[in-house]
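Trainee: Please take a close look at the enclosed spaces inside this model. I would like to know what surrounds them, and then how the neighbouring parts are packed.

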Amino acid sequence: MENQNFIIDFCANGNVSKLILKNDPHQMNWVVDEKYLESVDYKDKDKLFGSFCVAINDKKYNSNEWVGNLSINEEVATITYVLDEVKVLFTYDLQQSADSLFWTIQLINRTQHDVSVSDFRVWASFAYVMYRMNDLNLQTNHSAAVFPSISKNFTKLACVRRSHTAPHLGLYQLDGETKSVGTYCQYENRFFENVSPSLDGVLFHQLVLAGGYPQGFTNSDWIYAKDGFLMKADEKKTWQFVLEPFENQEHFYEVGKKYGHPVYYFEPLAITKQPYDFSFTLPSHLSLKDAFVEYKDSNETSKTQNIMSFMNKSDSSYQATMIFEVPGEHKLSIELDNGKVDSIVINVMKPIQSMINNRAEYISNVLYSGPDGNAPYSYSPVSNQGESLGKLSFVLKKNLLDDLPNITEVQKVEESCVKYIRPKWFVNGDFLKPSFLYGEFYRCMDYEYIGHVFYLLSRFDQSLLKYNTPETYLEWAAEVFRLRVNPDLHHTVRGKEEAKMLGTFFLYIDGLLDEIKKRGLTDKYKEIQALWSDIAAKVAEDSDAYKAAVTEHFYDNAGFGPAAGALASSGHIEAAKKYGELLLANIGFSNDFRAQNPDRWWEALSYMIHSLWGGLTAAAALKVYEKLQDTRYLKAAYRATAGILYCYDTDAKATDKRLNTGEAASTYSVAGPHINRPDLSRNRFGQSTFYRDAGIFSKLFNQEEETADWDMGEELAAYLDGFGKKTFLYKEDNQIKAMNGCIEHTQEGLLIHSYAPYPTEYHFYEAGAHFIALNGEMAKKILYSEGRFIPLKTVEEAR
């Protein structure tokens, strides 16, 4: 069955087996392919596009247990399931429009009495597939990231091809009410088999039209509904969606507007007591009836505030400036004159400096074991993976930025470096003899984290150090970095291969080289500079094939994120642009700040925020922006950052996992329901929660109760080098806008308020205007006037 834009095929039972866009040069199948599931032995045919489950009067039905009647009439296909109490109809219509596919779902009460529908979920299994083969064409051009925007009447799914090459595919709600979008993950992970790449999987998406959770289930998610509904005798309920291709993020929303969807312009993060701007445009035939904000106060009491009085209207556009007093998730909703309701979800945080300080204190005073712990001088939770050392880099970075460094925090890290890290990862402390911490192998990637800690230690004054000189730690950093990037220093095949891979060291390689050169380590500088240049040149040379997108996994933002950042930093501009497109396809856009994170799935078995790799992907996007000055990267980096901060947010109230002062959780499951583990739905957690699920997790962790911040910290160190100190202005629609800050219009010019905890830099690349404070002095506000940034001290002196 086909029209001008689409080709659609069905399985014998009525599931969609093929959905192809005719003008797609790759002819990608946009739905999960039954044949691929068979080839990798995944038993998930019950989750193909169009499968469903429904609970009527507490009796459960699954479509795979019933035979659907498939009827195709030219450009319209109907699949009918006749159950005991209800009839379920799916209509796929290519006739209404040459450009679109209309998908209608109907539920009809066949009885003469009321029935209760407590659960109704339909699989919309788009091709969110990480293929079990090292084929980058498949991984990038035949797989999509799926970014949900859940709304009562305006739910959307943006299915973005991983290569970021249009056409992409959008799903837009036209009729009915959608409660949520859930996911189920099927995967295989062979990490401990010394196989690389080792992991593949499929994420199946499910539209929740009623319920979605096990009977009696409750959680802290107050933002999205979980209820069912009653149907009267012979009543019919209808949900309708339309599928249409789109070219880019802006076009995705333009298509939605064509179908009556509002289009928003908003930042994902607000800071208490600071002005927050948001605006939206309505289709010309609609107008605003009501607007309100929902949140929970400090006592967990639900509050609703009407904000119609804040709304300023111009034609079909509405704008509001508000100040939020209470931290936590806020749901901003609008009701239109046709009765439909749409929402966005933002986060409101206290000034981030307090979170940074509390986190450093907690790491130093609670997580550090000292001489008496089970693993003396380590920071818990103890792990063989270098990622666990990111906490130490964060503590050091924070103290390098502070006016008055905390000598105790610094010296605890130093003590851990001398007495724990060096003897654990290196045989007898010899930097040329890596310890085989994983049985038959070691990971080169661990050394880039170790090198970062040593390098940051070398930046402190001697008066703050207890065991060695700064020069000693710089030499340690240089030695470890040589091991990380020199294949000749390794005697295993895996070691030699991983030494050639990019990694998190793109965050600090330039600073490390500058210090090595400045302090006269000439031979080491020449060797490391040559190795680094060779790696970057090789990655750039292979950029057409995206070779650096493969790590231990078949396709990984831990590969293409660092590749993009490193290529930008090293001046390989064209290659950075190629990898940069993978970044843009990886960082979500949504009406909910928590679904705007970099796309990853395996630590949560669901669409998720992963603090470490989300933060490093955001840092890479910011580096690409600073080199290319393409605002798509600035916006993407900031969207991702807002989600990462949620993993540290002690004021969050829509997640079961509450954080005490200084605590953190490495993972947040965006999906609700998380069908593999319903208890993790829209919840923060550490990966050790999967310990009880056995498999690979029982090998990675010692117990389920391990702390939830297993591999966190490196992303905060990266944040402190980026949005932790920088605020940006940019132009859009002939207006100056702020990123990581807000703008106050004054008689003297634009007063820029920074959200950065260490505000020392302001940049407006399009105007060629930059301000970097001398000696790290804080500038929480700055004036922008007549094409330049003017410190407030200068303004006051001029007065």
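Mentor: A cavity here is a set of grid points where a 1.4 Å probe fits but cannot get out, and a residue lines it if an atom of that residue is within 4 Å of a point. Rolling a probe the size of a water molecule over the atoms shows where empty space is left. Bear in mind that the model is predicted.

The structure holds five cavities of 30 Å³ or more. For the second largest, the volume is about 110 Å³. Its lining has 15 residues, and those nearest its centre are P148, I150, A595, V670 and R682. Strands β11 (144-149) and β14 are the elements that supply two or more residues to this lining. Sorted by class, nine of the lining residues are nonpolar, three polar and three charged.

Strand β14 (180-189) also gives at least two residues to the lining of the largest cavity, as do α7, α14 and α16 (696-700). The volume of that largest cavity is about 490 Å³. It is lined by 32 residues, with Q385, E552, H553, W602 and E603 closest to its centre. The lining comprises 16 nonpolar, eight polar and eight charged residues.

Helices α7 and α14 lead on to an open space. The second largest pocket has about 1,200 Å³ of space. Among its 45 lining residues, K397, D721, K725, K726 and E761 are the closest to the centre. Two or more lining residues come from each of α5 (390-401), α7 (445-457), α10 (509-518), α12 (557-569), α14 (611-628), α15 (631-646), α17 (714-721) and β34 (761-764). The greatest share is that of α14, with seven residues. By class, the pocket lining has 21 nonpolar, ten polar and 14 charged residues.

Helix α17, one of the contributors to that pocket, is itself largely enclosed by the rest of the structure, because seven of its eight residues are buried. These are E714, E715, L716, A717, A718, Y719 and L720. Their cover includes α4 (352-367), α5, α7, α14 and α15. Of these, α5, α7, α14 and α15 also give residues to the pocket lining.

Now the packing away from these spaces. In soluble globular proteins, nonpolar side chains tend to be buried together. The largest nonpolar core here has 230 residues, and the members that touch the most others are F90, Y92, W103, F120, F126 and Y579. Taking F120 as an example, and leaving aside residues up to four places away in sequence, its contacts are F52, C53, V54, V88, I105, L107, L207, V208, L209, A210 and W239. There is also a second, separate core of 25 residues, with A291, V293, M311 and L332 among them.

A charged residue can be enclosed too, and E244 in strand β17 (residues 236-246) is a case to look at. E244 counts as buried because its relative accessible area is 7%, against a cut-off of under 20%. The side chain of E244 makes a polar contact of 2.5 Å with that of Y259. Beyond residues up to four places away in sequence, E244 touches F6, D99, S100, H168, L169, G170, Y172, V255, K258 and Y259.

Note on methods: Residues numbered from 1 in each chain as written. Predicted model: local features only at pLDDT ≥ 70, side-chain atom pairs only at ≥ 80, totals over all residues. Heavy atoms only, no water. 1 Å grid on protein atoms, 1.4 Å probe; cavity = no way out; pocket = protein on both sides within 12 Å on 5 of 7 lines; lining within 4 Å. Points joined across faces, edges and corners; volume = space filled by probe spheres on them. Helix = DSSP H or I, 4+ residues; strand = E, 2+ residues; numbered from the N terminus. Nonpolar A, V, L, I, M, F, W, Y, C, P; charged D, E, K, R; others polar. Buried < 20%, exposed > 50% of the residue type's maximum accessible area, 1.4 Å probe, protein only. Polar contact = N/O pair within 3.5 Å; in protein donor to acceptor, adjacent residues only side chain to side chain. Contact = heavy atoms within 4.5 Å. Core = buried A, V, L, I, M, F, W, Y, C linked by side-chain atoms within 4.5 Å.
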